[in-house]
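Visitor: Please take one part of this structure and look at it closely. I would like to see how that part sits within the rest of the chain.

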Amino acid sequence: MYRIAAAVISIIFFVSIPALAELDEIQWRQGLDVRALMPLGSWKRQFEITEGKDRGRIVPLTLQRDSLTAGRWKLSFGDYAGILMQNDAHRGLLLERLNLYKSRSYIVYEPALAIFAVDATPGSTGVRQGSFKMFDVETGKLKRSGHVTHQVKQVSRSRFDTPAGRIDGYYVSINHRMDMKYAELDMTLGLGFHDDGPIFGAGEYTLTKLGIFKARNTASAALTQ
């Protein structure tokens, strides 16, 4: 379960840490589409892990088109995790599958989960719900299943201090919860974006087992170049 949380945080969902991102009250830019913050094209960026177990490590974040399925994209964060996304004109950017490389597992979302929905705007972000199943890569055996709740809670202008320098951009705050048998994983998550893609990410999660035992952890990464 700890690896699930770390992988989810490290690749797509991060929450701003005050020491790294200075949030302000500047209003949402008129006409900004949340989906435009993740440009769909082939690109590669270098991120430095600034908090967490592998602090100081440089990790590539890459996006490329899936050659087998039209409208599908692959986003990978080094050897930690990768996701398959579908760009749907009606529902927005959808998360279909999360690959957890280190734990040799993958998660399938049913139905595909809208990360940035078409109707996501300040004050009207909405809650998305669905189910998920986690499988073993080698055997295909079902390991876990449960319910997922996803909400984009805030979008605002922000300023990020990164190894690549201070960058003005947009901050997207997200809550992502996974409910399983005997356990709940609650993540306070977010992303930092410039006009041409992601520049910063961090996250904090709480894992509760049997409604009693709790563990908390944080992670963050920022653009190096």
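**A close look at one residue and its surroundings**

Guide: Phe213 is exposed, because its relative accessible area is 55% and exposed means over 50%. The model is a predicted one, and the values here are computed from it. Phe213 is located in strand 13, which covers residues 213–223. Together with Tyr182, Leu210 and Ile212, Phe213 makes up a nonpolar patch on the surface, with an area of about 510 Å².

The chain as a whole gives the setting. The chain contains 1 helix and 13 strands. Reading from the N terminus, the order of elements is α-β-β-β-β-β-β-β-β-β-β-β-β-β, so the helix comes before the strands. The accessible surface of the chain amounts to about 10,900 Å², and carbon and sulfur atoms account for 48% of it. Of the 225 residues in the chain, 50% count as buried.

Ser173 offers a contrast to Phe213. Ser173 counts as buried because its relative accessibility is 9%, and the cut-off for buried is under 20%. Ser173 belongs to strand 10, residues 165–180. With neighbours within four places in sequence left aside, the contacts of Ser173 are Gln151, Val152, Lys153, Gln154, Leu189 and Gly190. For the chain in general, take the contacts between residues at least 6 apart in sequence: 49% of them join residues at least 24 apart.

Some of the strand pairing can be followed step by step. Strand 2, residues 43–51, pairs with strand 3, residues 58–65, in the antiparallel sense, and 6 bridges link the two. Within this pairing, Val59 of strand 3 is the residue opposite Phe47. The hairpin of strand 2 and strand 3 has 6 residues between the strands, and Gly52 has a positive phi near 125° there.

Strand 3 also pairs onward. Strand 4, residues 72–77, runs antiparallel to strand 3 and is joined to it by 5 bridges. Here Gln64 has Lys74 in strand 4 as its bridge partner. Strand 3 and strand 4 form a hairpin too, with 6 residues between them, and Gly71 in the turn shows a positive phi of about 85°.

To return to the starting point, Phe213 is an exposed residue in strand 13, and one of the residues that make the nonpolar surface patch.

Notes: Residues numbered from 1 in each chain as written. Predicted model: local features only at pLDDT ≥ 70, side-chain atom pairs only at ≥ 80, totals over all residues. Heavy atoms only, no water. Patch = residues over 30% accessible without salt bridge, like charges linked within 9 Å, V, L, I, M, F, W, Y side chains within 5 Å. Areas by Shrake-Rupley, 256 points an atom, 1.4 Å probe, with all protein chains shown as cover. Salt bridge = Lys/Arg side-chain N within 4 Å of Asp/Glu carboxyl O. Helix = DSSP H or I, 4+ residues; strand = E, 2+ residues; numbered from the N terminus. Buried < 20%, exposed > 50% of the residue type's maximum accessible area, 1.4 Å probe, protein only. Pairing = 2+ DSSP bridges. Contact = heavy atoms within 4.5 Å.
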